[in-house]
Protein chains: 2
Amino acid sequence: MPFIGQTPTPSARDLVYAKLREKILSLELPPGTALSEKESSLRFNVSRTPVRESFLRLAQEGLVQVLPQRGTFVSLIDPELVEEARFMREHLEKAVIRLACEKFPEEKLAELEANLREQRACIEREDHRRLFELDEGFHRTLFEGCGKLNTWSVIQQMNVHLNRSRLLRLVTDHRWDHLYEHHERMTAAIRGRDADAAERLMKEHLHLSVEDQPLLQEKFPHYFKQGE
Amino acid sequence: MPFIGQTPTPSARDLVYAKLREKILSLELPPGTALSEKESSLRFNVSRTPVRESFLRLAQEGLVQVLPQRGTFVSLIDPELVEEARFMREHLEKAVIRLACEKFPEEKLAELEANLREQRACIEREDHRRLFELDEGFHRTLFEGCGKLNTWSVIQQMNVHLNRSRLLRLVTDHRWDHLYEHHERMTAAIRGRDADAAERLMKEHLHLSVEDQPLLQEKFPHYFKQGE
DNA sequence: AGTTCCATACTACCATACAAGTGTGGTAGT
DNA sequence: ACTACCACACTTGTATGGTAGTATGGAACT
């Protein structure tokens with residue numbers, strides 16, 4: 001029996017998809033890079049079919065752009081999408097953290113606090129990569145504890161654009177301390193059931209992520225889609 | 001030159017996708033129906049490839065479920081997804097209608113009012129199908145006027161589940177009059193820049209769409225995913 | 001020198017063949 | 001009658017060849 005679970009054996013398509021997505025989100029494949037079914041199929045030692053299918057999936061998520069008979073390219077970061085991703089997150093996460101102040105399973109709260117501890121450790125040893133993941137995990141746990149995990153998934157999809165932008169920012173700016181502080185104060189607000197404070201904190205927190213967006217666009221102009 | 005525009009000639013894949021999606025959302029292919037790449041390829045007179053690719057796309061949107069080596073099935077309606085879709089819409093649309101009360105282009109406001117007129121006509125001649133579309137259009141215009149069209153697209157994706165449920169409701173219940181009245185009052189609130197009233201109206205409006213969800217699940221049990 | 005045209009080397013799209021896993025119904029054995 | 005087993009008819013996953021459209025560089029012509 002080949003391990004029955006959510007992964008009854010990951011297909012070649014899924015593997016290729018995961019690797020490409022990883023490379024795109026980490027900016028190892030920067031915006032604008034040309035991809036090719038054939039080249040990728042050689043690179044991953046599979047046929048063109050699974051490569052092609054992973055391209056289509058990435059295209060649907062907006063990570064690549066497929067131009068028929070011309071080529072497939074890593075999408076430029078669209079500032080409009082970045083802003084709307086922030087907008088969505090702000091309003092949905094404000095609503096969720098309000099829910100959390102009413103009712104939140106103790107187990108998940110402990111998970112948040114464990115996450116906080118690891119964040120502290122990451123700041124010590126300046127492991128920004130892992131800190132980025134922990135930030136994701138923190139917010140995810142919030143949604144999970146409120147039974148809104150599907151909502152989080154949908155946000156995630158829009159979030160890929162915001163995240164590429166945030167990662168770019170990480171290159172030039174290392175002030176990630178506020179981030180931890182925010183998370184800590186939000187957790188405290190949930191414990192204290194102070195919905196108004198929690199909502200206010202969340203709003204500030206999410207506004208930070210696009211704080212110097214214009215500077216980024218100036219610094220890496222060829223990575224961004226220019227306004228119409 | 002083959003008409004350069006947004007559709008440089010729709011591919012076979014896109015055509016198959018559009019037709020299947022249409023059939024699924026209209027419940028012509030009810031939840032649970034078995035599909036097959038081969039059968040569909042014969043039906044649409046194309047090879048398996050474009051059919052397969054449209055299946056994958058539908059799967060990513062959650063409209064079908066692909067079980068490797070077993071088959072592809074139209075997804076059951078997941079009540080959890082229906083509720084979260086409503087949750088997302090409530091909070092995002094409340095935020096958007098608030099924006100609309102601050103600033104909304106006159107042109108789009110006129111569009112809303114034209115939509116309202118057509119809604120009235122549809123109620124007269126009991127064209128519920130078209131009324132459903134107009135309802136979609138009304139909300140879409142709201143997002144468009146606020147420059148949040150991408151957000152609407154993301155909502156739409158989650159919305160497919162909510163919509164199948166709403167369509168099911170349409171079969172048994174024809175009281176669509178409130179709907180028009182709500183839309184009219186929301187438009188008035190925007191004109192009068194009364195954000196609090198607008199937000200309250202929107203909240204009520206969206207709560208209506210899942211009003212008798214439990215009854216539906218009782219009436220069409222085999223269309224819904226049962227609780228874990 | 002500048003312009004037009006065309007061969008060529010790409011691209012993604014589609015059709016088709018084969019591989020591998022799954023469910024089912026019939027059959028042989030008990 | 002019942003059970004175990006196996007062949008077979010499905011399913012999706014992968015590989016590959018051919019088609020049509022696109023971009024590009026060089027040759028021929030003005």
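1. Start at the backbone of chain A. Glu37(A) places a backbone N or O atom 3.3 Å from a phosphate oxygen of DNA strand C. That is a polar contact, meaning a pair of N or O atoms within 3.5 Å; within protein, one must be able to donate a hydrogen and the other to accept it, and residues adjacent in sequence count only if both atoms are side-chain atoms. Gln69(A) also has a backbone N or O atom 3.3 Å from DNA strand C, here from a sugar or linking oxygen. In chain B, a polar backbone atom of Ala12(B) is 2.6 Å from a phosphate oxygen of the strand.

2. A word on the basis. This is a predicted model, in which local features need pLDDT of at least 70 and side-chain atom pairs count only at pLDDT 80 or more, while totals for chains, interfaces and linings use all residues. Residues are numbered from 1 along each chain as its sequence is written, chains are lettered from A and ligands numbered from 1 in the order in which they are written, and side-chain values use heavy atoms, with hydrogens and water left out.

3. Now the surface near DNA strand C (near: a heavy atom of the residue within 4 Å). There are 22 residues around the strand, and Arg52(A), Ala12(B), Ser47(B), Thr49(B) and Arg70(B) come nearest. Of the strand's atoms that come within 4 Å of the protein, 68% belong to sugar and phosphate.

4. By class, this surface has seven nonpolar, eight polar and seven charged residues. Ala, Val, Leu, Ile, Met, Phe, Trp, Tyr, Cys and Pro count as nonpolar, Asp, Glu, Lys and Arg as charged, and the others, Gly among them, as polar. H3(B) gives the most, with three residues. Helices (H or I, at least four residues) and strands (E, at least two) are DSSP runs, numbered from the N terminus.

5. Next, the sheet in chain A. Strands pair if DSSP finds at least two bridges between them. S2(A) and S3(A) run antiparallel, joined by four bridges. Val66(A) has Thr72(A) in S3(A) as its bridge partner. Three residues lie between the strands of this hairpin, where Gln69(A) takes a positive phi near 65 degrees. S3(A) is also antiparallel to strand S1 (residues 34–35) of chain A, with two bridges. Ala34(A) stands opposite Phe73(A) there.

6. Last, Phe220(B). Its place is in the segment after helix H10 (213–219) of chain B. Phe220(B) counts as buried because its relative accessibility is 18% (buried: under 20% relative accessible area, with a 1.4 Å probe and protein chains only). Its C-alpha atom is 8.8 Å from that of Leu168(B), 52 residues apart along the chain.

Key: Buried means under 20% relative accessible area, exposed over 50%, partly exposed in between (1.4 Å probe, protein chains only).
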